[in-house]
Each structure stands twice: as structure tokens, then as C-alpha cells.
Amino acid sequence: MVDLKGQYEQIKERVDASILDVIHSAAFINGPEVHAFQKELEAYLDIKHVIPCANGTDALQIAMMGLGLEPGDEVITADFTFAATVEVIALLKLTPVLVDVLPDSFNIDPEAIKRAITPRTKAIVPVHLFGQSADMDEIMAIANEHDLYVIEDNAQGIGASYKFTNGKTVKTGAISHVASTSFFPSKNLGCYGDGGAIFTNDDALAHTIRGIVNHGMYTRYHHDVVGVNSRLDSIQATVLRAKLPNLDSYNNARRAAARKYNKAFEDIQNIITPKVKGNHCNTHQNAICDTCDCHVFHQYTLRVINTDRDALAKHLNDHGIPCGVYYPIPLHSQKAYKDDRYNEADFPVTNQLVKEVISLPMHTELDDEQIDFITKTVIDFVHRERPA
């Protein structure tokens with residue numbers, strides 16, 4: 001699904017030298033590389049505070065801890081996403097409230113958010129799924145009307161931008177009160193182990209979070225808040241420093257691959273290709289634009305209609321093509337998160353998507369020959385299942 005070795009070959013000299021420098025310095029935790037990466041990412045995102053941590057799940061949990069949410073507070077998030085988003089809500093004894101998503105962008109449905117708000121609602125967690133921003137115009141307006149926090153889950157969207165209806169363009173992760181991201185190796189900006197970060201423009205919140213990530217300490221052995229042990233190590237930071245200057249070109253390569261995929265599938269009736277939605281770029285409608293960064297294609301996810309999706313996945317694997325189903329089971333149906341509050345009728349889109357979605361290889365090293373082989377293999381199967 002990703003070619004991390006091929007990507008490494010392009011930055012090998014810098015990565016190897018930087019890792020050796022860290023080893024020779026022995027500054028493995030909170031060393032100069034971590035602080036340098038923090039500053040460089042702040043500049044890239046145009047945000048005041050980046051607080052590195054150990055992984056993306058920690059980042060989301062720590063963001064919620066920093067806001068002072070209390071047990072029983074309700075947090076609204078998408079039903080169609082990875083479990084980490086709801087996992088941290090449950091771990092903090094908050095009440096997860098899952099809502100449906102939109103059928104074209106796969107992102108949280110603002111109308112479903114409105115219907116889910118109660119007096120106990122304290123926060124909304126939009127997930128920028130597969131690399132495309134949620135409808136942040138509408139979500140921020142809802143939050144402002146009801147005095148709610150917004151916590152962006154930007155684990156799949158780093159490098160994407162959102163264009164507001166007023167014309168302002170902001171990087172995802174720098175829009176809401178606080179945001180989290182993951183540097184898992186397969187992410188658009190990934191390290192060679194685990195890593196994550198929290199983003200905010202709020203000075204007081206940033207101060208609180210810096211204590212939380214380090215056992216609640218601001219001064220050594222003085223614990224002012226309840227904290228955790230969640231730090232980005234220096235070797236991961238130096239890998240991220242090597243990759244960050246290439247992030248835009250990495251995302252451009254993903255968009256170029258997505259355009260080629262879309263072109264190959266455009267006349268196949270049983271296949272719905274990914275759509276670019278919202279106000280991200282006014283120069284195109286549902287196309288993948290050459291000149292904007294509104295979708296960074298962490299995943300390239302198709303919907304296959306009137307086709308056996310699982311049989312297609314087996315067909316691809318039989319031909320040596322990796323694929324993924326993200327996600328096969330709605331969160332509201334997962335054993336850990338089932339709740340009598342949920343009504344199946346409230347999740348028509350999610351319940352349909354889990355039967356139809358399939359993600360194809362998407363990374364910076366895809367070439368025309370690979371894309372041609374992948375698309376022809378998919379099309380051959382679809383035509384075999386449902387002759388033209």
C-alpha cells in the first residue's frame with residue numbers, strides 16, 4: 001500500500017547522517033532535533049504551537065485532557081473512521097456520540113452533528129478522512145453557536161488546506177481550538193516508528209498540554225497537572241525533519257496518482273471515484289485540481305457498486321496488488337462501542353460505505369506502469385462480475 005523503502009532512497013543521505021548525529025550526541029529524548037522539528041512544523045502550518053508526542057492516539061487524548069473535559073461530557077465524532085478517535089473519548093470516561101458521514105467526501109455530516117447536540121455536548125471531533133478536510137465552515141459555525149470545542153483529528157490530512165467561504169485558506173490542523181496528528185510510518189508525513197503532535201494557537205492551552213505530555217511537569221519533579229509520558233524521540237524527529245521539506249511534493253505526487261486512477265475509472269459504471277468537496281477550491285467541482293492542496297490522498301478509496309467488494313479484494317491480492325478496506329465495520333457496531341442509544345436508521349451512509357469501500361495503493365513512488373496494472377486488474381474484475 002505504501003513504498004517507504006523507495007521514498008527513503010530519495011532522502012537516504014540526509015536521514016542516515018542525521019540519525020548518526022543523534023546517536024553520537026546521545027540526546028535521544030527532547031533533544032535539539034525535536035525542538036527544531038517543532039519550530040519547522042509551526043512555520044509550515046502557520047500555527048503558534050506544535051507540541052510533539054509519542055503517537056497520534058496520545059495526541060488526541062492529550063488534546064482532550066488539555067481542554068479539561070470531564071467524565072460524562074459528550075463528544076460528537078464520525079461513525080466511519082478508525083477506532084482511535086472514539087477510543088480516547090471512552091478512555092477518558094467521556095461519552096462518545098457517533099454520527100453519520102457524507103457519501104461523497106466520507107467526512108462527518110454537519111446536519112447529523114446538529115441533531116446530536118444536547119446540553120451535555122462539549123466538543124466535536126471532525127476527522128479529515130483519507131486526506132480531505134471536513135466541512136470546517138459549517139462545523140466551526142455550529143461550535144460557535146453552541147459554545148463547543150472543536151478538536152481536529154488530522155492524522156490523515158497533514159498538508160491539506162481548507163478554503164473558507166470568506167476566502168481565507170488555512171492548513172488543516174490549524175483551524176480549530178486544538179488538533180492532533182500522527183506520524184505513523186505510512187502517513188503522508190511519517191517517521192520510522194511511532195510519533196505524533198498536538199497543534200493549537202491558544203497559548204494557555206499549549207502551556208497545559210506541554211505539562212501533560214511530560215508527567216505534568218514544568219519544573220523537574222514538580223507535578224502541577226495530571227500528565228502522561230508521551231514524547232517524540234530525537235531519531236524520529238530527525239527523520240521528520242528530513243521529510244518535512246518534501247511534504248508538498250509528496251502530496252503533489254499523491255494527487256497526480258489519484259488523477260490517473262480517476263481517469264482510468266471514469267467510464268466504469270460500477271465504480272465511484274473519490275470526490276473533492278466543499279469550499280476548498282472554487283476552480284473545480286469534484287475534480288482533482290493541479291493547483292490546490294485541498295486533498296492530500298492519504299488513501300485513494302473507491303466505492304464499488306453492485307459488485308462483490310470482498311471478492312475484488314481477493315482478486316487484487318491474487319494478482320499481487322495490496323488493497324485495504326477502511327473501514328469494514330462501523331464504530332457503532334463494534335463490540336467495544338455498542339450502545340443502546342444508537343439507532344441503525346441514523347447511519348444509512350456509513351452502513352452502506354462499509355460494504356462498498358476499497359482502497360488501492362497510494363504513495364509517492366507510484367508510477368504509470370503500476371497504476372496501469374492496478375486499474376486494469378480492477379476493471380477486468382468489475383467487467384467479469386457485471387459485463388458491459
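This report walks through a central sheet, two of its strands, a buried helix and the cysteines of one structure. The model is a predicted one.

## The sheet

Start with the strands. Seven of them form an open sheet. Their order is β1-β9-β8-β5-β4-β2-β3, and the pairing is mixed. β1 and β3 (95-99) are the edge strands, each pairing on one side only. From one strand to the next, the twist averages 25°.

Now look at one pair within the sheet. Strand β2 (residues 74-78) runs parallel to β4, and four bridges join them. Glutamate 74 has threonine 121 as its bridge partner in β4. Helix α6 packs on the sheet and touches β4 and β5. The direction of α6 makes about 150° with that of β5.

## Strand β5 and its neighbors

Strand β5 covers residues 149-153. Is it mostly covered or mostly open? It is mostly covered, with four of its five residues buried.

β5 pairs with β4 (residues 121-125) through two bridges, and the two strands run parallel. Here alanine 123 is partnered by tyrosine 149 of β5. Between the two strands, the chain passes through helix α6 (residues 136-146). This β-α-β crossover is right-handed.

β5 also pairs with strand β8 (residues 178-182), again in the parallel sense, over three bridges. Glutamate 152 finds its bridge partner in alanine 179 of β8.

## Strand β9, covered on both faces

Strand β9 spans residues 196-200. Five of its five residues are buried, so the rest of the structure largely encloses it. In a regular strand, side chains alternate between the two faces of the sheet. Which residues of β9 lie on each side? Gly196, Ile198 and Thr200 are on one side, and Ala197 and Phe199 are on the other. All of these are buried, which leaves both faces of β9 covered.

β9 has antiparallel pairings. With strand β1 (residues 49-53), β9 shares five bridges in the antiparallel sense. There, valine 50 stands opposite phenylalanine 199. β8 and β9 are antiparallel too, with four bridges. Threonine 181 is partnered by alanine 197 of β9. Helix α2 lies across β1 and β9, and runs at about 135° to β1.

## Helix α8, an enclosed helix

Helix α8 runs through residues 234-243. Nine of its 10 residues are buried, so this helix is largely enclosed by the rest of the structure. The buried ones are Ser234, Gln236, Ala237, Thr238, Val239, Leu240, Arg241, Ala242 and Lys243.

What covers these buried residues? The cover includes three helices: α1 (4-25), α2 (32-45) and α9 (247-265). α2 thus has a part in two places: it helps cover α8, and it lies across β1 and β9.

The start of α8 has a contact to find. A side-chain oxygen of aspartate 233 comes within 3.0 Å of the backbone nitrogen of isoleucine 235.

## Cysteines without a disulfide

A disulfide is a covalent bond between the sulfur atoms of two cysteines. How many does this structure hold? The count is zero. Take cysteine 53, which is in no disulfide. The nearest cysteine sulfur belongs to cysteine 191 and is 11 Å away. A disulfide needs two cysteine sulfur atoms within 2.5 Å.

Is cysteine 53 buried or exposed? Cysteine 53 counts as buried because its relative accessibility is 0%. Cysteine 323 is buried as well, with a relative accessible area of 18%. The cut-off for buried is under 20%, so a value of 18% qualifies.

How values were computed
Residues numbered from 1 in each chain as written. Predicted model: local features only at pLDDT ≥ 70, side-chain atom pairs only at ≥ 80, totals over all residues. Heavy atoms only, no water. Buried < 20%, exposed > 50% of the residue type's maximum accessible area, 1.4 Å probe, protein only. Contact = heavy atoms within 4.5 Å. Polar contact = N/O pair within 3.5 Å; in protein donor to acceptor, adjacent residues only side chain to side chain. Pairing = 2+ DSSP bridges. Right-handed = clockwise from strand over helix to strand, strands pointing away. Axes fitted to C-alpha atoms, helices over the stretch in contact; angles between N-to-C directions.
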